[in-house]
Amino acid sequence: MSRQIRTIGFGAGGHAKVILDILLEQNQCSIIGLLDNDAARWGTTVFGVPILGDDFELDKLIAEQGITAFFLGVGAVKSLAHRRKLYEYACDKGLGPLNIIHASSHVSKRALTGDGVTVMAAATINAAAVIGDNVIINTGAI
């Protein structure tokens, strides 16, 4: 890509590390930083990506850094509510959700995927599958 997409991530825990690993391997976007509500993480890094503050930094970062895309490094173990809220928050700010697909996964050209879809390592999405927006297809899923 001649001009990489300027991207921000939400979350800096375990799920974010897996997402960052995929994105850093692909080298198709410029990850400006991560936002995380745990103040103890601010000022640190994950794989060299800085944790810049909480979600309320987003407007400033959009204006100052030209961010146009986002990804969610927040999983959904107990509830989808927080993940859904962050997705809608970023979309409402005019950011586009990244589709993140691990190189070892297989997504049929005859499957339909929504926006903000994450397909982890060794996952398979077969023909005629329909995957909605903001969905995680986890490692090894078929």
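This report walks through a central strand, the nonpolar cores and the salt bridges of the structure above.

The model is predicted, so to read it fairly, note that local features need pLDDT of at least 70 and side-chain atom pairs count only at pLDDT 80 or more, while totals for chains, interfaces and linings use all residues. Residues are numbered from 1 along each chain as its sequence is written, and side-chain values use heavy atoms, with hydrogens and water left out.

**Strand β5 and its neighbours**

Let's begin with β5, which spans residues 69-72. Helices (H or I, at least four residues) and strands (E, at least two) are DSSP runs, numbered from the N terminus. Both faces of this strand are covered, with A69 and F71 buried on one side and F70 and L72 buried on the other. Here, buried means under 20% relative accessible area, exposed over 50% and partly exposed in between, using a 1.4 Å probe and protein chains only.

Strands count as paired if DSSP finds at least two bridges between them. Strand β1 (residues 5-10) runs parallel to β5 over four bridges, and F10 stands opposite L72. Strand β6 (residues 96-97) is also parallel to β5, joined by two bridges, with A69 opposite G96.

**Nonpolar cores**

A nonpolar core is a set of buried Ala, Val, Leu, Ile, Met, Phe, Trp, Tyr and Cys residues joined through side-chain atoms within 4.5 Å. The largest has 16 residues, and L20, L23, I31, L34, F71, L98 and I100 touch the most other members. At least two residues of this core come from each of α1 (14-26), β2 (29-35), β4 (49-53) and β5; α1 gives the most, with four. Apart from this core lies another, of 14 residues, including I8, F10, L35 and L86.

I31 deserves a closer look: leaving aside residues up to four places away in sequence, I31 touches T7, L20, L23, L24, V49 and F71. Contact means heavy atoms within 4.5 Å.

**Salt bridges**

Side chains of opposite charge can pair when their charged atoms come close. A salt bridge is a side-chain nitrogen of Lys or Arg within 4 Å of a carboxyl oxygen of Asp or Glu, and the whole structure holds four. Three are listed here.

| Pair | Closest N to O |
|---|---|
| R41 and D36 | 3.0 Å |
| R41 and D38 | 3.9 Å |
| K60 and E57 | 3.7 Å |

Shared partners join D36, D38 and R41 into one network. Within that network, D36 is buried at 9% relative accessible area, whereas R41 is partly exposed at 31% and D38 is partly exposed at 35%.
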